[in-house]
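Colleague: Got a minute to go through this one with me? I'd like to ask a few things while we both look at it.

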Amino acid sequence: MNNRLRELRAERRWSQAELADRLDVSRQTVNAIETGRYDPSLPLAFRLATVFDAAIESLFFPEV
Amino acid sequence: MAEASARRTSASDVARRRAAVRDTMPAVVLLVLTQASLVAFDPDASASTWNLLWSLSPLVPAIWLGWAQLRILRRADELERLQQLEAMAIGFGAVMLLLVTGSILDAADLAAPRQWLQLTFCGGVVAWCGALGVITARAR
C-alpha cells in the first residue's frame, strides 16, 4: 500500500515525532507507515485521516 | 539540526519507555537480590517452611516481570505490539526447540535436566530479546 503521509506531513512542517504525538503512536510507527513497510490498522488510518483532515482514500492507495 | 529534530522520539515514546522502566526496575532489583541471597546462603528448602519460601522467593519478581511485560504490551502501539509478539514467538520457538533437544539428550543420558532447563530459559530469553532488537532495528 502506498500513501501520501510524508508529503502531507512536509506541507504542515511536522516532524515524524510531532505526527506521532498527534496520533499517540511511536515515531518508529510513523516512519514504518511512511516508508510503506507497515500498513496501519483501520482505526489508525481513521486517526490519520482526522489529523490530516482528509478522506482515507486520499491518503492511501494500492500499489500499481 | 533539522535531522536531529526529525529523529527525536515522540512524547508518547518517552512516556511509554518511562512507564516500562517504572514497572520493571523494582522487579529486576528484587530478582537480583533474591537470587543473590540464594547463591550466597544456599538454603536447604526441605529443612523448614521458611527455607522453602526463601527458595521460592525469586518467583515473586518473576511474576512481577510477567505482569510488567503485559502492561508494556498493552501500552504499546499497534506496530510495537506486533514486533513484541513476533519476538515472543521466536523466543517460544527457541524454548520448544531447546526442550526437545534436552529431552532427547536426557533420554540418551547426555544432558543433566536441571542445567538443561536453565539453558533453555536463558536461550529463550536471549532469542526473544535478540529477535526484538533485530525486528525493531529494521523498522527504524
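Colleague: How does B:Leu52 count: buried, exposed or partly exposed?
Modeller: Keep in mind that this is a predicted model. B:Leu52 sits in helix α3 of chain B, which covers residues 49-56. Buried would take 20 or more C-beta neighbours within 10 Å, and exposed would take 12 or fewer. B:Leu52 has 14 inside 10 Å, so the label is partly exposed.

Colleague: And what separation do the C-alpha atoms of B:Leu52 and B:Thr101 have?
Modeller: Along the chain, B:Leu52 and B:Thr101 are 49 residues apart. In space, their C-alpha atoms are separated by 31 Å.

Colleague: How far apart do the C-alpha centres of domain 1 and domain 2 of chain B lie?
Modeller: Chain B is split into domain 1, residues 1-75, and domain 2, residues 78-140. Going from one C-alpha centre to the other, the distance is 19 Å.

Colleague: How are α2(B) and α4(B) oriented, roughly parallel or roughly antiparallel?
Modeller: Helix α2 of chain B runs over residues 11-41 and helix α4 of chain B over residues 59-75, and their axes come within 9 Å. Those axes cross at roughly 170 degrees. Angles over 145 get the antiparallel label, so α2(B) and α4(B) are roughly antiparallel.

Colleague: Which residues make that contact, and how many of them are nonpolar?
Modeller: From α2(B) the contact includes B:Ala20, B:Ala27, B:Leu30 and B:Leu31. On the α4(B) side, B:Trp64, B:Leu65, B:Ala68 and B:Ile72 are among them. By class, the contact has two polar and four charged residues, and the nonpolar ones number 12.

Colleague: Over to the interface: which helix gives the largest share of the side of chain A that touches chain B?
Modeller: In all, 17 residues of chain A are in contact with 14 of chain B. Two helices of chain A, α2 (16-23) and α3 (27-34), each supply at least two residues of chain A's side. That side has six nonpolar, seven polar and four charged residues. The largest share is five residues, and it comes from α3(A).

Colleague: Where in chain B does pLDDT stay under 50?
Modeller: For the model as a whole, ipTM is 0.87 and pTM is 0.80. Chain B averages a pLDDT of 91, with 95% of the residues scoring at least 70. Where pLDDT is low, the predicted coordinates shouldn't be read in detail. In chain B, the stretch that stays under 50, with one contact beyond four places in sequence, is residues 1-5.

Notes
Residues numbered from 1 in each chain as written. Chains lettered and ligands numbered in written order. Predicted model: local features only at pLDDT ≥ 70, side-chain atom pairs only at ≥ 80, totals over all residues. Helix = DSSP H or I, 4+ residues; strand = E, 2+ residues; numbered from the N terminus. Domains from an automatic or database assignment. Contact = placed C-beta atoms within 7 Å. Nonpolar A, V, L, I, M, F, W, Y, C, P; charged D, E, K, R; others polar. pLDDT = per-residue confidence, 0-100. Axes fitted to C-alpha atoms, helices over the stretch in contact; angles between N-to-C directions. Parallel < 35°, antiparallel > 145°, perpendicular 65-115°, else oblique.
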